[in-house]
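Hello,

Here is the structure I promised to pass on to you. Could you have a look at it and keep it open while you read the notes underneath?

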Amino acid sequence: MLKPVATDIEALKILDERLRWLSAWTIHHANHVRTSDDGLKVGGHQASCASMSAIMAALYFHALGPHDRVAVKPHAGPLLHAIHYLLGSQSREQLENFRGFGGAQSYPSRTKDKIPVDFSTGSVGLGVAITLFASLIQDYLSAHGSLDEADRGRFVALIGDAELDEGNIYEAIIEGAKHDVRNLWWIVDYNRQSLDATSADRMFERFDEIFQSCGWRVVELRYGKRLQTVLAEHPTLKGWFETLPNAELSALHYQGGAAWRKRLDAEFGKDAADFLGGYDDDALASLFSDLGGHCMESLVEAFDAAQDDVPTLFIAWTIKGFGLPFAGHKDNHAGLMNPTQMAALRTGMDVREGQEWELLEGIGDNARPGVEALIERSRIAREKRGRAFGSVSVPAIPAPAGDEQSTQAAFGRILLDLSKTGGDLADRIVTTSPDVTVSTNLGAWVNQRGLFRRGEMADVFAKEKIASAQKWNANNRGQHIELGIAESNLFLMLAAAGLSGDLFGQRLFPIGTLYDPFIARGLDALNYACYQDARFLLVATPSGITLGPEGGAHQSINPPLIALGQPSLRHYEPAYADELAAMIEHAFRLIDDPNGESTYLRLSTRNIMQIERADDSWREGALAGGYWLRAPGDNAEAAIVAMGAVMPEALAAWEELREDVPGLGLLAVTSPDLLHRGWTAAQARRWQGAREPSHVEQLLSKLPRTAGLVTLADAAPASLSWLGGVLGQRVAPLGVEKFGQTGSLADLYAAYRLDGAAITEAAAEILLQNG
Ligand SMILES: Cc1ncc(C[n+]2csc(CCOP(=O)(O)OP(=O)(O)O)c2C)c(N)n1
Ligand SMILES: [Mg+2]
């Protein structure tokens, strides 16, 4: 990093003001200038942007290196667009269409924005924590020899102070401490205001302690240089200033110089007279607004001083809405300047009417060369990076042998085989699990490939020759990253590892395992990973009441419905080991495919008899969401439609009923998610003239419209009952609608109506209705 010279500081201050202008103008334009057809409020956060324009100017035009990656707090999105506008990587057209269809997005989006966005943000807290996991992945890649020292960077999160209430941040720093995380800068825009109000006082001493105890350095930027000097000369004033509650401080910032004067006069009387005599109202307001987060000298100095790799929390004091008419007002979060206020700001910033979008408008001739030079120097690596895809060859993955198997055990075997066979794919797999590595059958893989730690960590039990199936030496070549029990961290880890191709130019194949019911625990982080198109394989096992004796708290019910509604995540639920092997192979291909996605496998601990296959014709259907395990006859009156671990009940019922129900078929559904998507996509295509029916339509058209479907899943019955809507066939849905409980499979299947008797009754009902 180049050392700033005095003229750079001046140029940075000018850029700070340009960013404040451009972000405010972009939002104003979308709300007040662009015509609106629907009368909907467009919105935007002028105050949240003004609060951190200096911080972002100091970062992007001074402190950031070409390999640094930044998560920007969602409501500062317009500042990021303004920065890229100045750098030449954002177009005026995109800014004019801010929050419009296809325009610059409200909150930074990796996939939808045209500018390079390192991490999408929106759901506060998650953008912060993903930087920590990205840094871990950087260390992982370096340790594995896949990333040159020169290509390493720092991970920066720009955080709103109220964002620090999100618990996932603390889960992340605890995990980070275990892994000696480094190269992080988290910068808090400490404007002491949230969305609703001013934030709680004195929490910051606590935040300091929490971060410090996790190994972080905390740097507080409370005062700008001017205010710091003045307060140093007036210790009593300083003492008073530092005990002002957040709400009072914000109110004074909003009210301005006259209010400061009145307040100081009331507080200190004659003692303040001399001091106050030295300032007019504007100067007084400006002095007390000189907080650290608005002072370019302080910011540059602090960033320059933190060049080692110690994770650092900067607490930069700011004023929400700094320099705008609603600065400090507690209601300013979504506040928008009206046209008169905007015109006043424009004049105040020397922006000529009609020249609002001019890049360097209002910058005097003397200052221009300095500003232009700074922009030029910062242009490195600002173009949107190409995403690394399609470079890894995925070998065929054979099904593990065995007449009786569970999908969970088969998963463990498949990974063990991969670890032994080796090759590029196996070397690029990184597994991770929130303290359920052993119970999700990853143990054998870890025995082979080891735990990842930057430093060597011996397995004490193995060294002492104490018998154990798990031999967990840890070193920097290990391929399993063990996490504490925090499912949100699992998904953030998968998000970071799943972006490795984009972030580091090196594709990883991340596999995360957890118990199916605990998906809900990290759901927003899972959605967040999918939202930014991170690629991974999620293996959720065990699932459903099929878990039996372990009971209701561990028996999942609704994850197939979650998956049905989750974009960019494909749900597969295999019954047999060969289906599972095909799905895993396919999931690996999808990870490395530009048009691919992530995969969620819902597995079971139930050992079931494997099926004899005449050929491979089932495979294509299984990967597309379903296939006829027992083809229906002509004019069949009914079919059993079953998914996953309850397939033996479905098969047994099929055997029992097929004589009474002529032509009875058995449809094995492997992905309600894919069937549903295909169905709606085919409908949409039909509007464009394409007639090709979807996979589910083809499957169900083997039955007459009058046929009935008995659907069966160890999950919410709505996972499959919608199938009746495809061709209008009648449905009798069987599934789990109440919380599970302990019991043997026979007891539970009978109580929850997943057994042969229930299938027979459901079939009878449908046939009676038909008759
Ligand atoms: C998980 C989540 N909950 C709620 C919101 C809505 N929201 C957006 S910004 C915000 C307050 C942010 O305050 P702060 O972090 O201090 O940011 P500032 O605008 O003050 O910089 C809230 C509640 C959200 N985006 N994400
Ligand atoms: Mg705030």
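Below are my notes on the metal site, the ligand, the cores and one loop residue.

Some ground rules: this is a predicted model, where local features need pLDDT of at least 70, side-chain atom pairs count only at pLDDT 80 or more, and totals for chains, interfaces and linings use all residues. Residues are numbered from 1 along each chain as its sequence is written, chains are lettered from A and ligands numbered from 1 in the order in which they are written, and side-chain values use heavy atoms, with hydrogens and water left out.

Let me start with the metal. D161 (OD), N191 (OD1) and Q193 (O) coordinate the magnesium ion (ligand 2) at 2.0 to 2.1 Å. Donors here are N, O and S atoms within 2.8 Å of the metal (3.2 Å for Na, K and Ca), and since water is not among the atoms, sites may look incomplete. Along the chain, the donors are spaced D-x29-N-x1-Q. D161 sits in the loop between β2 (155-160) and α7 (167-178), and Q193 in the loop between β3 (184-190) and α8 (203-213), so the pair ties together parts that are 32 residues apart in sequence. (Helices are DSSP runs of H or I with at least four residues, strands runs of E with at least two, numbered from the N terminus.) Both D161 and Q193 are buried, meaning under 20% relative accessible area with a 1.4 Å probe, protein chains only.

Now to ligand 1. Of the 18 residues around ligand 1, S48, K73, D161, Q193 and K320 come nearest; a residue counts if one of its heavy atoms lies within 4 Å. A polar side-chain atom of S48 is 2.7 Å from an oxygen atom of ligand 1, and a polar backbone atom of A162 is 2.9 Å from an oxygen atom of the ligand.

As for the interior, the largest nonpolar core (buried Ala, Val, Leu, Ile, Met, Phe, Trp, Tyr and Cys residues joined through side-chain atoms within 4.5 Å) has 90 residues, and W186 and F288 are among those with the most contacts inside it. Helix α6 (residues 126-143) gives the largest share of this core, 12 residues. Another core, of 73 residues, lies apart from it and includes V446 and W654.

Finally, T541 is in the loop between β12 (537-540) and α25 (559-564). T541 is buried, at a relative accessible area of 0%.

Best wishes

Methods: Buried < 20%, exposed > 50% of the residue type's maximum accessible area, 1.4 Å probe, protein only. Polar contact = N/O pair within 3.5 Å; in protein donor to acceptor, adjacent residues only side chain to side chain.
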